[in-house]
Each structure stands twice: as structure tokens, then as C-alpha cells.
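Colleague: I would like to learn how to read the empty spaces in a model such as this one. Could you take me through them with the structure in view?

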Amino acid sequence: MFTKAIVRRPARFMINGITAHPELGKPDHELAVRQHDAYIAALERCGLSVEVLPALEGYPDSCFVEDVAVCTRRFALVTLPREKSRSGEIAGMDVLLGRHFPVIESIKAPGTLEGGDVMMIGDAFYIGLSSRTNAEGARQFIGHLERYGLEGHTVCMPPTLHLKSGLSYLEDGWLLVESAFAGLAEFSGFKRIDIMPAEAYAANCIRINDFAIVPAGYPKALADIKATGIPVIELDMSEFRKIDGSLTCLSLRF
Ligand code: CIR
């Protein structure tokens, strides 16, 4: 059961956010702010109290606050993003998270790790070895997890931005799996919802308490998720998608 979330307002300079999809065009900041308002309202509908941080104008990708921390039931981790344009986003996160967690750990160079690469399933944390998270970052995180009685496992993943770009856990044994991730042996025991390539963006959804939040515009994924019986909230994510951001990236939940 989650009770709180932290989000960060989209910066005007999100138009300069990192993207592998320039063909989608530049985000419209005003529309992104309205979509962000709807995102906050959805978190509140799921029962969370939401702390809204101000935009960090020097950091175009800073609304993707998930990447700078990982929250566990025993401690919070301040990560170390690999991209130079993002590494400064961690400033102050230790103090902020220190208000909610008894202990704050951190990733140290040469380790890098981004929260988008971490998928939590109960007390187990799956860590994607991506272009953003390296083996040393994963090793440090697993060391912290084990010290607190939790477990961590690395995942060799297909070339995608983050682990949760291709997989997300909807609780109750349900895992969303984008087709490129279908062969990963670690996840063979789950009830799977296969996400087809044309709907790859829908592989990133969030389960919060009673609801699954899903991106609007992916009818097959929506129908399959609804078929599980989990109540669904749909959100338009068009402006965040233009800079490779998806639902989980926009919040820390704990
Ligand atoms: C980046 O490339 O870092 C941002 N444009 C998107 C980050 C998305 N974060 C996430 O999937 N957790």
C-alpha cells in the first residue's frame, strides 16, 4: 500500500529533453503542465498524498523524478544518472527523502543507476543493465538491499532506454511484457500481458493501490489490462512521450 508520492513540475526547457524520438516533435510545455496536473489528480485518486516539487529550469528532464531515487520499505537510495545533463538533478534529494525515510543510501561513481531501471516486486528489486545503469551501480544497490534484508537481481535486457520501458509489474502476479522482453527467463513465472510492438509505450503502466494507471491511446493493452479486473485510470502522456518519458518516470511512490 502506497501513501505518498513525490513529483516535480515540468521545466519550460523540457523542449530540450533527451529524446530518441525527435520525429514526435518538441513537447508543448503548457499542455505538458495540464497533463501533469491530471497525473497528480490520478495519484490523489489512488489515495496518495502528493508532494509537488518546483520545476528545475536548468534540467530539461527533471520532471522524470523516478530516475534520481529508489524508494524501498527500509531505505531510500539517491541514484547517479549517467547523462551529464541529468546528474545534477540529485542535488538535495538526500535532504528531501530524509524527511520520509530513516536512512538514505547513494550510488557513487563509477557506478551509475537510474530508477527507471529498477522494478520492485515485493521485496525483490530487478535492476536492468541498460545504457544508463552499469554493473557497478547495480552492485552497489544490491549491496544496500542485502544489508536491509531485501534482495536485488540484475537483468540483461534488450537495448531500450530503461527496464521499465519494456516491463511493468501490476501486482497480483500480473506483468506487462513488451515483445522484445518476452524471452527473459527471470519473468517466466508471472501471469503475463503481452504488449505488441505497435503499442510498446503501453508496457509502462503503474499499479497504485486499487488502480492501474495506463497511457491513453493503446486499445489492445487497455482491453487486456481491464480484463484482469484491476480498475483503470487512463492518462494522456503525449508531451512526455516526446522526450521518452512515461508514467512511472513522473513520480516516486512509497
Ligand atoms: C531521459 O532520456 O533521461 C529522459 N528524456 C526520459 C527519462 C524517462 N525516465 C524513465 O523512463 N524512468
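Modeller: What follows is a short walk through the cavities and pockets.

Modeller: This is a predicted model, in which local features need pLDDT of at least 70 and side-chain atom pairs count only at pLDDT 80 or more, while totals for chains, interfaces and linings use all residues. Residues are numbered from 1 along each chain as its sequence is written, and side-chain values use heavy atoms, with hydrogens and water left out.

Colleague: How many cavities of 30 Å³ or more does a search of the whole structure find?

Modeller: Rolling a probe the size of a water molecule over the atoms shows where empty space is left. On a 1 Å grid over the protein atoms alone, a cavity is a set of points where a 1.4 Å probe fits but cannot get out, a pocket is an open set with protein on both sides within 12 Å along at least five of seven lines, and lining residues have an atom within 4 Å of a point. Grid points are joined across faces, edges and corners, and a volume is the space filled by probe spheres set on the points. Here the search finds 2 cavities, and the largest holds about 360 Å³. Its lining has 21 residues, of which Phe2, Val118, Met120, Lys164 and Arg253 are the closest to its centre.

Colleague: Which residues line the second largest cavity?

Modeller: That cavity, of about 30 Å³, has a lining that includes Glu66, His162, Lys164 and Asp244.

Colleague: Which residues are the closest to the centre of the largest pocket?

Modeller: This pocket holds about 440 Å³, and among its 18 lining residues His21, Thr160, Ser165, Tyr201 and Asp244 are the closest to the centre.
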